[in-house]
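Please open the structure in your viewer and display the backbone as a cartoon. The tour below proposes a series of selections, one after another.

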Amino acid sequence: MHNWRPRVVAERPTADLAAATDAAAALLTALGLDLTDEGLVETPGRMAATLLEMTSSPPFELTTFPNDEGYDELVMVRDIPVRSVCEHHVLPFVGVAHVGYLPGERILGLSKFARMVEFHARRPQTQERLTKRIADHLASALHPRGVGVVIHAEHTCMSIRGALAVGARTTTSALFGLLRDDPRTRSEFLALTRGA
Ligand SMILES: Nc1nc2c(ncn2[C@@H]2O[C@H](COP(=O)(O)OP(=O)(O)OP(=O)(O)O)[C@@H](O)[C@H]2O)c(=O)[nH]1
Ligand SMILES: [Zn+2]
């Protein structure tokens with residue numbers, strides 16, 4: 001009945017796209033929609049593929065290098081795009097992450113900051129948990145002297161419905177080590193997250 005085939009199928013071994021398509025059709029029908037309507041015929045398949053795409057993480061490998069020069073100042077990647085899905089309404093939240101660390105013996109390939117954010121973002125969750133997981137991952141992979149993650153995001157579940165707070169942004173942060181405990185490093189990091 002549904003001929004539409006997704007162009008991009010994200011990986012998740014336990015996903016059953018055919019069953020998800022049938023379930024999406026049942027949901028839309030239960031909501032009173034007529035799926036024989038021309039524009040809706042392929043919608044269940046698109047819905048299933050879209051939800052799978054939005055909640056599946058691309059795999060990646062962390063590449064680290066020895067900190068040969070003994071670089072000991074802050075490394076920071078700002079304005080990394082965040083696209084995730086809130087676990088309460090399965091609606092997107094979208095924003096940016098700023099990720100920084102104070103290196104110890106290893107440094108991280110710069111692109112891996114963005115890959116790490118994308119990896120953790122692509123699943124239903126809260127912004128708080130996402131922030132903490134990125135910081136935990138960086139800390140366990142690098143054993144740095146400090147880690148900081150700040151995310152600013154708009155949650156569509158409270159902007160396009162419900163509270164209708166269009167433009168309201170939520171800020172979360174996770175700070176470890178010297179970025180949490182040393183006042184100078186902490187304020188340098190937080191100033192950089194504000195664009196200074
Ligand atoms: N702390 C936190 N809350 C979130 C996040 N994403 C969505 N929420 C909130 O989850 C809550 C769910 O509240 P409920 O009262 O169970 O759901 P609801 O009736 O749809 O609530 P409204 O959104 O106020 O209409 C809402 O307040 C959402 O704003 C998140 O990342 N972190
Ligand atoms: Zn929500």
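The stops that follow lead from the whole chain to a single pair of residues.

Begin with the entire chain, bearing in mind that this is a predicted model. The C-alpha trace spans about 65 × 35 × 20 Å along its principal axes. Colour the chain by secondary structure: six helices and seven strands should appear. Followed along the sequence, they come in the pattern α-α-β-β-β-β-α-β-α-β-β-α-α. Of the 196 residues in the chain, 25% are buried. Among contacts with a separation of 6 or more, 71% join residues 24 or more positions apart.

Next, select residues 22–193. An unreviewed UniProt entry lists this range as "domain: GTP cyclohydrolase I". Helix makes up 37% of the range and strand 28%, while its end C-alpha atoms lie 44 Å apart.

Now turn to the sheet. In what order do the five strands of the open sheet lie? The order is 5-2-3-6-7, and the pairing is mixed. Strand 5 (124–125) and strand 7 (170–177) each have a single partner strand, so one side of each has no neighbour in the sheet. Strands of a sheet pair through backbone hydrogen bonds, which may run in a parallel or an antiparallel arrangement.

For a closer view, select residues 146–155, which form strand 6, together with strand 7. These two strands pair in the antiparallel sense over eight bridges. Finally, which residue in strand 7 is the bridge partner of valine 147? Select phenylalanine 176, for that is the partner.

Methods: Residues are numbered from 1 along each chain as its sequence is written. Chains are lettered from A and ligands numbered from 1 in the order in which they are written. This is a predicted model: local features need pLDDT of at least 70, side-chain atom pairs count only at pLDDT 80 or more; totals for chains, interfaces and linings use all residues. UniProt positions are given in the numbering used here, feature names are shortened, and annotations may be inferred rather than shown by experiment. Helices (H or I, at least four residues) and strands (E, at least two) are DSSP runs, numbered from the N terminus. Two strands pair if DSSP finds at least two bridges between them. A residue is buried if 20 or more other C-beta atoms lie within 10 Å of its own, exposed if 12 or fewer, and partly exposed in between; C-beta atoms are placed from the backbone. Two residues are in contact if their C-beta atoms, placed from the backbone, lie within 7 Å.
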